[in-house]
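Reader: I'd like a close look at a single part of this model. Could you pick one strand, walk me through its surroundings, and then tell me about the open and closed spaces around the fold?

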Amino acid sequence: MDQLPLEGMPRRLYSCTPSRLNNWLDCPRRYRFTYMDRPAPSKGPPWAHNSVGISVHNALAGWWREPYERRTPETAAALVGRGWIGEGFRDAEQSAAWRKRAAEMTGAYAATLDPADEPVGVERTVAARTPVIALSGRVDRLDRRGAELVVVDYKTGRRPPTADDARFSLALAVYAVASERMLRTPCHRVELHHLPTGSIVEWEHTEESLAGHLRRAEEIAAEASEADDRYRAWAGPARPAGRTGRASPEAGRTPPEVPAEIDAVFPPRTGPLCSWCDFRKHCPEGRAAAGDRDPWDGLADD
């Protein structure tokens, strides 16, 4: 069996993304289902609002890869239709209506962009290390504004983001730190661009606020890493735990039976978000805490 680190011995760096850290904060049981259990438990049906978001993100990434002369609002709208993901909708009619709606808002957003103002990166992976963690993540867009970099994140949800959403986002802060370190260019501003309303909210971090986010990431990582070690010590080599959260070829199975002492390390954190959990069918506490949702319930009202 794997052994827990001896007291006083240095721990290996905890490799993670902001999404993994936030998964631990939101619900340790969901974290276990996502990253540790193998074969991975089966998920519920896809969500329509995720299909909208992925379709729009892919279209905007593709728009910047087009030749300059093709970077038009019409091209942006066409890219949404060309790469449309029709999963999770009530029926073909609803999917078609949302394809049109997504194409229109993406085209309108593209009309606000300068096609000659090349971003530093589009869907760019950035990474940073501390003595505790090895962080990595993918930035929707990384702009250069004067002598500094700006992290841009696209949002397609029904609720317009607020400045506090930008200020307290662990992911955006980590992206800013990693972008500055990798490109050796100052990066303090983070922005949320909400395509349905065309609104942009921003936050200008200081060195102190970015350092605070990084310390918070290390604190979360320490908790999650300790739980990972407990799981691996129980599982042993015959039941390898995953690291990436990718679906196993054997996905579709129920979670493995874990002893009570391991289950207690990954407790459910119940609340309204349980309605939206991909693994709710495997979690009786989550089902008791919040009702079922249809896959299209996350869409804005028509």
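Author: What follows starts from strand 4 and works outward to its partners, the spaces in the model and two single residues. Keep in mind that this is a predicted model.

Let's begin with burial. Strand 4 covers residues 148-155, and six of its eight residues are buried, so the strand is largely enclosed by the rest of the structure. The cut-off for buried here is under 20% relative accessible area.

Now for the partners. Strand 3, residues 133-145, pairs with strand 4 in the antiparallel sense, and five bridges hold that pairing. Where the two strands meet, Arg145 stands opposite Glu148 of strand 4. Strand 3 and strand 4 form a hairpin with two residues between the strands, and there Gly146 takes a positive phi near 65°. Strand 5, residues 187-194, is another partner: it runs parallel to strand 4, and seven bridges join the two. In that pairing, Lys155 of strand 4 has His194 of strand 5 opposite.

Lys155 also takes us to the open space. The largest pocket has a volume of about 2700 Å³. Its lining counts 48 residues, and the closest to the pocket centre are Ser19, His49, Asn50, Asp153 and Lys155. Strand 3, strand 4 and strand 5 each give two or more residues to that lining, and so do helix 1 (18-26), helix 2 (28-36), helix 3 (48-65) and helix 7 (170-183). Helix 3 gives the most, with six residues. Sorted by class, the pocket lining has 16 nonpolar, 19 polar and 13 charged residues.

The closed space is another story. Searching the whole structure turns up one cavity of 30 Å³ or more, and the volume of that largest cavity is about 30 Å³. Its lining is made of Asp117, Glu118, Pro119, Asp143, Arg144 and Arg145. Arg145 is thus a residue we've already met, as the one opposite Glu148. By class, five of the cavity's lining residues are charged, one is nonpolar and none is polar.

Back to helix 3, where Leu60 lies. Leu60 has 0% relative accessibility, so it counts as buried. If you set aside neighbours within four places in sequence, Leu60 is in contact with Thr106, Tyr109, Tyr154 and Leu195. For a sense of distance to another residue, take Val150: Leu60 and Val150 are 90 residues apart in sequence, and their C-alpha atoms are 17 Å apart in space.

Last stop: the loop between strand 2 (121-129) and strand 3, which is where you'll find Thr130. Thr130 sits at 11% relative accessibility, and because of that it counts as buried. Its side chain has a couple of polar partners worth a look. The Thr130 side chain reaches the backbone nitrogen of Val132 at 3.0 Å, and a polar contact of 2.6 Å links the side chains of Thr130 and Glu218. Glu218 shows up again in the contact list: leaving aside neighbours within four places in sequence, Thr130 is in contact with Leu13, Leu214 and Glu218.

Terms used:
Residues are numbered from 1 along each chain as its sequence is written. This is a predicted model: local features need pLDDT of at least 70, side-chain atom pairs count only at pLDDT 80 or more; totals for chains, interfaces and linings use all residues. Side-chain values use heavy atoms; hydrogens and water are left out. On a 1 Å grid over the protein atoms alone, a cavity is a set of points where a 1.4 Å probe fits but cannot get out, and a pocket is an open set with protein on both sides within 12 Å along at least five of seven lines; lining residues have an atom within 4 Å of a point. Grid points are joined across faces, edges and corners, and a volume is the space filled by probe spheres set on the points. Ala, Val, Leu, Ile, Met, Phe, Trp, Tyr, Cys and Pro count as nonpolar, Asp, Glu, Lys and Arg as charged, and the others, Gly among them, as polar. Buried means under 20% relative accessible area, exposed over 50%, partly exposed in between (1.4 Å probe, protein chains only). Helices (H or I, at least four residues) and strands (E, at least two) are DSSP runs, numbered from the N terminus. Two strands pair if DSSP finds at least two bridges between them. A polar contact is a pair of N or O atoms within 3.5 Å; within protein, one must be able to donate a hydrogen and the other to accept it, and residues adjacent in sequence count only if both atoms are side-chain atoms. Contact means heavy atoms within 4.5 Å.
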